[in-house]
Amino acid sequence: EVLDAGVNNHYCHIYSHTSVCSTWNAWRVQRTRILGLLADYQEIELKDDAILHIQRLADDIHASIPYMLGNKVKPGKMHDMDYVYPSIPGHSVPASHYHTAAAYGGLNLWVPMRAILDYRRYMRGDQILFTVEQFPRIMKLYDVRISQ
């Protein structure tokens with residue numbers, strides 16, 4: 001079910017708490033910014049390494065999405081435990097995760113996903129597409145509307 005909702009590269013990360021996931025993603029964004037500068041202004045050898053690392057960081061941000069959103073594709077109640085979140089084999093998802101992930105998991109993904117798009121010139125096409133596809137999903141989950 002989580003795979004159907006949106007997993008890139010067929011793997012995901014699992015964290016001890018949504019705040020840990022958000023901290024890792026903030027770190028990934030800062031690394032991406034530094035590597036983006038290196039890629040923009042360095043010689044070919046360093047540039048190639050920086051680009052590969054930017055792509056790995058984008059993959060890692062994508063790998064955090066299932067932990068934060070689970071199999072949610074439509075709005076629901078914060079106390080609803082019918083959603084599926086990935087977990088470590090043999091362990092259940094903590095009950096608190098159903099509340100914190102539902103309350104602000106997707107909102108905490110907005111900034112890192114937007115930030116990596118600043119470096120889309122160094123991302124693979126599938127990464128750009130996957131990132132862009134997540135914005136309407138998050139908007140739907142949190143009832144974000146563009147008013148006229």
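Which side chain does Arg121 meet in a salt bridge? In this predicted model, the partner of Arg121 is Asp40, and the separation between nitrogen and oxygen is 3.0 Å. The pair links distant parts of the chain, since Arg121 lies in the loop between α4 (95-117) and α5 (125-141) while Asp40 belongs to helix α2 (residues 18-41), and the two are 81 residues apart. Asp40 itself is partly exposed, with a relative accessible area of 30%.

**Salt bridges**

The structure holds five salt bridges, and three of them are set out in the table below.

| Salt bridge | N to O distance |
|---|---|
| Arg121 and Asp40 | 3.0 Å |
| Asp59 and Arg124 | 3.1 Å |
| Arg114 and Asp118 | 2.6 Å |

The side chains of Asp59 and Arg124 meet at 3.1 Å. This pair, too, links distant parts of the chain, with Asp59 in helix α3 (residues 44-69) and Arg124 in the loop between α4 and α5, 65 residues apart. Because its relative accessibility is 11%, and the limit for a buried residue is under 20%, Asp59 counts as buried. Arg124, by contrast, is partly exposed, with a relative accessible area of 27%. The pairing does not stand alone, as Asp59, Arg124 and Asp126 are linked in a network of salt bridges.

The bridge between Arg114 and Asp118 has a nitrogen to oxygen distance of 2.6 Å. Arg114 counts as partly exposed at 43% relative accessibility, and Asp118 is also partly exposed, with a relative accessible area of 35%. As a general point, side chains of opposite charge can pair when their charged atoms come close.

**The helices**

How far apart are the end C-alpha atoms of α3? They are 38 Å apart, which agrees with the 38 Å that the 26 residues of α3 should span at 1.5 Å a residue. After α3 comes Gly70, whose phi is positive, near 60°.

Two packed helices are described by the angle between their axes and the distance between the axes. For α2 and α4 the angle is about 5° and the axes are 9 Å apart. Angles under 35 degrees count as roughly parallel, and α2 and α4 are therefore roughly parallel to each other. On the α2 side the residues that meet α4 are Thr18, Ser22, Asn25, Val29, Thr32 and Arg33, and their counterparts in α4 include His97, Thr100, Ala101, Tyr104 and Asn108.

**The nonpolar cores**

The largest nonpolar core has 20 residues, of which Ile65, Leu69, Leu109, Met113 and Ile138 touch the most other members. The elements that give two or more residues to this core are α2, α3, α4 and α5, and α3 gives the most, with six residues. Leu109 can serve as an example of the contacts made here: setting aside residues up to four places away in sequence, Leu109 touches Asn25, Ser64, Ile65, Met68, Leu69 and Ile138. Apart from this core lies another, of eight residues, among them Ala39, Ala50, Leu57 and Tyr122.

**Individual residues**

Is Gly106, in helix α4, buried or exposed? Gly106 is buried, with a relative accessible area of 0%. Its C-alpha atom is separated by 6.1 Å from that of Met68, although the two residues are 38 residues apart along the chain. When neighbours within four places in sequence are left aside, Gly106 is in contact with Met68, Leu69, Ala101, Ile138 and Tyr142.

Lys72 is found in the loop between α3 and α4. The relative accessible area of Lys72 is 4%, and because buried means under 20%, this lysine is buried. Its contacts, again leaving aside neighbours within four places in sequence, are with Tyr83, Tyr85, Ala102, Arg137 and Leu141.

Asp143 lies in the segment after α5. The phi of Asp143 is near 55°, a positive value in a residue other than glycine. At 47% relative accessibility, Asp143 counts as partly exposed.

How values were computed
Residues are numbered from 1 along each chain as its sequence is written. This is a predicted model: local features need pLDDT of at least 70, side-chain atom pairs count only at pLDDT 80 or more; totals for chains, interfaces and linings use all residues. Side-chain values use heavy atoms; hydrogens and water are left out. A salt bridge is a side-chain nitrogen of Lys or Arg within 4 Å of a carboxyl oxygen of Asp or Glu. Helices (H or I, at least four residues) and strands (E, at least two) are DSSP runs, numbered from the N terminus. Buried means under 20% relative accessible area, exposed over 50%, partly exposed in between (1.4 Å probe, protein chains only). Contact means heavy atoms within 4.5 Å. A nonpolar core is a set of buried Ala, Val, Leu, Ile, Met, Phe, Trp, Tyr and Cys residues joined through side-chain atoms within 4.5 Å. The expected span of a helix is 1.5 Å times one less than its number of residues. Axes are lines fitted to C-alpha atoms, for helices over the stretch in contact, and angles run from 0 to 180 degrees between N-to-C directions. Angles under 35 degrees count as roughly parallel, over 145 as roughly antiparallel, 65 to 115 as roughly perpendicular and the rest as oblique.
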